[in-house]
Amino acid sequence: MSSADSAPAALDRYHIAILAELQGDARLPNAELAQRIGLSSAPTWRRVKWLEEQGYITGYRAEIDRRKIGLGVLAFVRVDAERSAGEATKVLEEEIRRLPEVIACHYISGTGTFELQVMATDLDAFSRFSINTLLKLANVKDIHTSFSLGEVKAGGALPLGHLKG
């Protein structure tokens, strides 16, 4: 069993409650968080710090409405690599990590090597990005794109029900 598999055993109901509350609102003051989970402020603060130190909480960030800042296009781009082994893939990974337009990247099973989520202001900007940037990345053979026509659910919190035993 890997350490990732055994990690949830260290979480008690208060840790899980903290994670659930902070996923809903990471700006909760400690006193309010403590009240919501049924502990006093000091132990709640210590538990939050422990969750951060242990890597359960990896950061805090604001959710921004992409449309309000002019990012009207969300594209899902499957990248087919020439070769999917060794140094060639590592070089491609590093190039993808440096692209701010790529907001997520996953290795995928089935056809293709990577699945990217890409933001652009409009279709023309996406077209320029795909031709001038994506297709010119090292080791890229081809790309296949689908566009979001509407979000049903986005920015969702991670499910925690499996931690409650």
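Is Tyr56 buried, partly exposed or exposed? Select Tyr56 in this predicted model: the residue is partly exposed, with a relative accessible area of 27%.

**Stop 1: Trp50 and Tyr56**

Keep Tyr56 selected and add Trp50. The two residues form an aromatic pair of the stacked kind. Their ring centres are 5.7 Å apart, and the planes make an angle of 25 degrees, which counts as stacked because the cut-off is under 30 degrees. Trp50 is partly exposed, at 26% relative accessible area.

**Stop 2: Phe126 and Phe147**

A search of the whole structure finds three aromatic pairs, and Phe126 with Phe147 is one of the aromatic pairs in this model. Select both residues. The arrangement here is edge-to-face, with 5.2 Å centre to centre and 85 degrees between the planes.

Now colour by secondary structure. Phe126 belongs to helix H6 (residues 123-132) and Phe147 to strand S4 (residues 140-147), so this pair ties together parts that are 21 residues apart in sequence.

Show the surface next. Phe126 is buried, with a relative accessible area of 5%, whereas Phe147 is partly exposed, with 36%.

**Stop 3: Glu93**

Move to helix H5, which spans residues 86-97, and select Glu93 within it. What is the relative accessible area of Glu93? The value is 17%, so Glu93 counts as buried, the limit being under 20%.

Which residues does Glu93 touch, not counting residues up to four places away in sequence? Add Tyr107 and Phe114 to the selection: Glu93 is in contact with both, once those sequence neighbours are set aside.

Note on methods
Residues are numbered from 1 along each chain as its sequence is written. This is a predicted model: local features need pLDDT of at least 70, side-chain atom pairs count only at pLDDT 80 or more; totals for chains, interfaces and linings use all residues. Side-chain values use heavy atoms; hydrogens and water are left out. Helices (H or I, at least four residues) and strands (E, at least two) are DSSP runs, numbered from the N terminus. Buried means under 20% relative accessible area, exposed over 50%, partly exposed in between (1.4 Å probe, protein chains only). Contact means heavy atoms within 4.5 Å. Rings of Phe, Tyr and Trp (its six-membered ring) pair if their centres lie within 6.5 Å; planes under 30 degrees apart count as stacked, over 60 as edge-to-face and the rest as tilted.
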